Amino acid sequence: MEHLLGLIRVRVVRGVNLAYRDTRGSDPYIVLRMGRQKLKTSVKKKNVNPEWNEDLTLSVSDPTQTIRLEVFDKDIFSRDDRMGDAEFEMQSFLEAVRMDLSGLPSGTIITTVKPERTNCLAGESPIVWKDGRITQDLVLRLRNVESGEVELQLQWVSIPGAAGL
C-alpha cells in the first residue's frame, strides 16, 4: 500500500427514517467506499430505523479523499434497491489528528464542522478529544431519496511504522 498514513474506523451507528422499498419496510445495508476500498455492513431485516453499531475500517493513504456512503435495500429475486447516498470529507478530522492534544482534558471539542451546501451533514459535527482519542460524530442526510439519515462516528487508528500524518 502506497504511503499508508493510518486507519480510519467508521462506526456505522444507525439509520433514521430510511425509505420504504418493500411493502413491509426495507432490509437496509450500507456500503462505504473510499478510493478502491469497499466495505459493507450487515443487512437489517424489515427495519427503516436500523441499529448497526458496526465498525468498518478503511486505510488512509490520501487525506484528501472523500468517503462515500450508499444505502441499499437487500432483495432476493431482483437487484438491490438504492435507498440514498451521502459523502463526507475527512480533512478537518485529520487536521485534528495532527495536533498535539495530550494536555487537554477529556471531552474537549477541538473544532466543529458545520453543515453547508457542499456536504451532507444534517447538523453540526463536533470533533472531540475523549479518553486519549479523537472522535467525530456525524449525522448525514441522504441524497437522491425521499427521506433518511445515517449516524456515524469516526475514530483514527495509528499504525506503528506507517508514514503517519
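Let me start with one pair: I109 stands opposite V128, and V128 is in β8. Keep V128 in mind. One caution before we go on: this is a predicted model.

So, the strands around that pair. β7 and β8 run antiparallel and are joined by 5 bridges. Now step across to the next strand. β8 and β9 are antiparallel too, with 4 bridges between them. And which residue of β9 is the bridge partner of V128? T135 is. The turn here is short on residues: the hairpin of β8 and β9 has 2 residues between the strands. In that hairpin, D131 takes a positive phi, near 55 degrees.

Stay with T135 for a moment. T135 sits in strand β9. Is T135 buried or exposed? Its relative accessibility is 10%, and the cut-off for buried is under 20%, so T135 counts as buried. Now its contacts, leaving aside neighbours within four places in sequence. They are F93, P126, I127, V128, Q153, L154 and Q155.

Now zoom out to the sheet. It is open and has 6 strands, in the order β4-β1-β10-β9-β8-β7. The pairing is antiparallel. The edges are β4, residues 51-60, and β7, residues 108-113. Each of these two has a single partner strand, so one side of each is left without a neighbour in the sheet. On average, neighbouring strands here are turned by 20 degrees against each other, ignoring direction.

At the β4 end, look at β1, residues 6-16. β1 pairs with β4 in the antiparallel sense, over 8 bridges. One pairing to pick out on screen: I8 has L58 in β4 as its bridge partner.

Next, the helix. α1 covers residues 91-98, and its buried residues are F93, L94, A96 and V97. Why do they lie on the same side of α1? Because they cover an arc of only 155 degrees around the axis. What do these buried residues pack against? The list is β1, β4, β7, β8, β9 and β10. You have met F93 already, among the contacts of T135.

On to the second sheet. This one is open as well, with 4 strands in the order β3-β2-β5-β6 and antiparallel pairing. Its edge strands are β3, residues 37-40, and β6, residues 81-89, each pairing on one side only. Neighbouring strands in this sheet are turned by 20 degrees on average, direction again ignored. Within it, β5, residues 66-73, and β6 pair antiparallel over 7 bridges. There, R68 has E87 of β6 as its bridge partner.

Now the pocket. The largest one has a volume of about 310 Å³. How many residues line the largest pocket? The lining has 16. Nearest its centre are F88, E89, S92, V113 and N119. Three elements each supply at least two lining residues: β6, α1 and β9.

Last item, a loop. T23 lies between β1 and β2, where β2 is residues 28-34. With a relative accessible area of 80%, T23 is exposed. Take K46 as its reference point. T23 and K46 are 23 residues apart in sequence, and their C-alpha atoms are 9.6 Å apart in space.

To close, back to where we began. V128 of β8 stands opposite I109, and V128 has T135 of β9 as its bridge partner. Questions, please.

Terms used: Residues are numbered from 1 along each chain as its sequence is written. This is a predicted model: local features need pLDDT of at least 70, side-chain atom pairs count only at pLDDT 80 or more; totals for chains, interfaces and linings use all residues. Side-chain values use heavy atoms; hydrogens and water are left out. Two strands pair if DSSP finds at least two bridges between them. Axes are lines fitted to C-alpha atoms, for helices over the stretch in contact, and angles run from 0 to 180 degrees between N-to-C directions. Buried means under 20% relative accessible area, exposed over 50%, partly exposed in between (1.4 Å probe, protein chains only). The arc is that of the directions from the helix axis to the C-beta atoms. Contact means heavy atoms within 4.5 Å. On a 1 Å grid over the protein atoms alone, a cavity is a set of points where a 1.4 Å probe fits but cannot get out, and a pocket is an open set with protein on both sides within 12 Å along at least five of seven lines; lining residues have an atom within 4 Å of a point. Grid points are joined across faces, edges and corners, and a volume is the space filled by probe spheres set on the points.
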